[in-house]
Amino acid sequence: MTKHSLLSLLMLCFATAGCNQKSPSAVPDNSQVSEGLAAVSPVTVGVAVGIGRFESQASLRYSPEAKALQQTVAREFNQVVAENVMKPQYIHPSENSYFWDDADYLVDFAKQHDMAVHGHTLVWHQALPDWMNTYSGNWDDMLKEHITTIVSHYAADIDSWDVVNEAFLDDGSPRQSIWQTNLPDYIAKAFNYANQADPDAELYYNDYNIAGMSKKLDAVLAMAKSLRQRNIEITGIGFQMHIDRYWPSLDNIREAFQKTVAAGLKVRISELDIRMNVNGTETELSPELAHLQQQRYQDIILLYLNTVPEEYRGGITFWGVSDKNSWVNYYYQHADWPLLFDDKLQRKAAWQGVFNAFTSH
Ligand code: GLA
C-alpha cells in the first residue's frame, strides 16, 4: 500500500466513524472524504454525461442543475464520455452536415478540467439518422466519410474511440443491421478508417453481456484476432457491464477478462452500472441493499485491478452520474439505483465501494 493510499484509508476510517463498524446495514458517511475518485484511482476513471438540450435533467450544459453536475464530474472523474451527442443520429444528422456544438462543448469542458475524452460511438445499429437508415449510395464511401470526418475533427482532443458498438448477438452470431446488410465487412473497414484518420487513437470494440456470456465474447475475440491477422489496428474490448447485483458471477467476469488479456487486447470497463432492483419488487434502496451494492462495486473494481495487468487496462467508465438520470429507470420502467451518486448528487455507499477498491489496491 502506498503512503497515499494509507492516508486515504485512515481518512476513510475517520469518515466512517471507525474501521470496526460491523453492522451490515450501516451506510458509511462518505460525505467528509475530500478526495474524488480520480485522485485515488490507479486507472483512468470516466463517466458518461448528457450534454444536449434533449437530455433535459441530465445535461451538463442545459440542465437547471448543470453547475452542480459539472462540479461533481470535475471532482470525481478524469475522463468524460458523451452519453448521446457523439452518436451518429446527433453528430451526423444529415448526409452533408455535422452537428458539433454539443460534442465540442464536452471537449472544451474536459480541457478546462484537465480530463480525457473517450469517443462513443462511430458505428452502431441504433441512434441512426433517418438518412443513413434509408441510404442508397455507396456504403463504403459513406462509412469512410462518416468516420474520417468525426475522428479527424477530434484527433487532437480524443485519445480513444468506440469504433463499433454491439455488432454481435448474445449467441455470438453477427447482428443483422443496416451495416451488416449493406457492407458485410464493415467492422474491419470501420477500424481501418478510424486508424487512418488518427493513427494515435486507441480503438475499441464495445459490447454488452460479454463479461457473462462466453459464446458472445468468443465471437468478439475471434473478430479481433481476424482483424489483427489482416494488420488492422484494434486496441481492445469495451465491456459495457450493465450488470446487476447477481449477474454475472465474479468467476465469469474474471474468466472473460483473462481471455481478453490472453488475446493481447486491452480491457476497458466502458459503461458500468449495477442494478439492485432486478425484479422490480424493491421500493427503495434500503441500507441492506446499499451495502450489497457497495460490496459488489468494490469486488468488481478489485477484480479488474487484480486480473488485468496495468498495461492492459483501458480504464473504467460509469454510465451516468446520478441514479436520478440513469437510463436504467427508463428502460426497465421501475425504480432502480444503479450508480454512485443519489438524486441529490450525494455519494452513495456504492461510491465508497469504488473508493475502497481504488485505495486498497
Ligand atoms: C448501450 C449503448 C450506450 C447507451 C446504453 C443504454 O450500452 O452503448 O450508448 O445507449 O446502451 O442507454
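**Exercise 1.** How many Å separate an oxygen atom of the ligand from an N or O atom in the side chain of asparagine 165? Then describe the ligand's surroundings.

*Solution.* Keep in mind that this is a predicted model.

- Step 1. Start at asparagine 165: an N or O atom of its side chain is 2.9 Å from a ligand oxygen.
- Step 2. Turn to glutamine 240. One of its polar side-chain atoms lies 2.8 Å from an oxygen atom of the ligand.
- Step 3. Go on to histidine 242, where an N or O atom of the side chain is 3.1 Å from a ligand oxygen.
- Step 4. Check the cover. Alone, the ligand exposes 300 Å², and the protein buries 86% of that area.
- Step 5. Complete the ring of neighbours. The residues around the ligand include Lys87, His120, Trp124, Glu166, Glu271, Trp319 and Trp327.

**Exercise 2.** Find the cis peptide bonds at threonine 121 and proline 248, and place each of these two residues in the fold.

*Solution.*

- Step 1. Histidine 120 and threonine 121 are joined by a cis peptide bond, with omega about -5°. His120 is also among the residues around the ligand.
- Step 2. Threonine 121 sits in the loop between strand E3 (116-119) and helix H6 (130-133).
- Step 3. Tryptophan 247 is linked to proline 248 by a cis bond, with omega near -5°.
- Step 4. Proline 248 belongs to the loop between strand E7 (242-244) and helix H11 (250-262).

**Exercise 3.** Which sign does phi take at serine 56, and where does this residue lie?

*Solution.*

- Step 1. Phi is positive, about 35°, although serine 56 is not a glycine.
- Step 2. Serine 56 lies in the loop between strand E1 (45-49) and helix H3 (66-76).

**Exercise 4.** Describe how helices H7 and H9 pack.

*Solution.*

- Step 1. Take the geometry. H7 (residues 139-153) and H9 (residues 186-197) meet at an angle of about 35°, and their axes are 9 Å apart.
- Step 2. Add the handedness: H7 crosses H9 in a right-handed way.
- Step 3. Name some partners. H7 contributes Leu143, Ile147 and Val151, among others, while H9 brings residues including Tyr186, Ala190 and Tyr193.
- Step 4. Sort the contact by class: eight residues are nonpolar, three polar and three charged.

Note on methods:
Residues are numbered from 1 along each chain as its sequence is written. This is a predicted model: local features need pLDDT of at least 70, side-chain atom pairs count only at pLDDT 80 or more; totals for chains, interfaces and linings use all residues. Side-chain values use heavy atoms; hydrogens and water are left out. Axes are lines fitted to C-alpha atoms, for helices over the stretch in contact, and angles run from 0 to 180 degrees between N-to-C directions. Helices (H or I, at least four residues) and strands (E, at least two) are DSSP runs, numbered from the N terminus. A crossing is left-handed if the near helix is turned anticlockwise from the far one by less than a right angle, and right-handed if clockwise. Contact means heavy atoms within 4.5 Å. Ala, Val, Leu, Ile, Met, Phe, Trp, Tyr, Cys and Pro count as nonpolar, Asp, Glu, Lys and Arg as charged, and the others, Gly among them, as polar. A residue is near a molecule or strand if one of its heavy atoms lies within 4 Å of it. A polar contact is a pair of N or O atoms within 3.5 Å; within protein, one must be able to donate a hydrogen and the other to accept it, and residues adjacent in sequence count only if both atoms are side-chain atoms. Accessible areas come from the Shrake-Rupley method with a 1.4 Å probe; for residues, only the protein chains shown count as cover.
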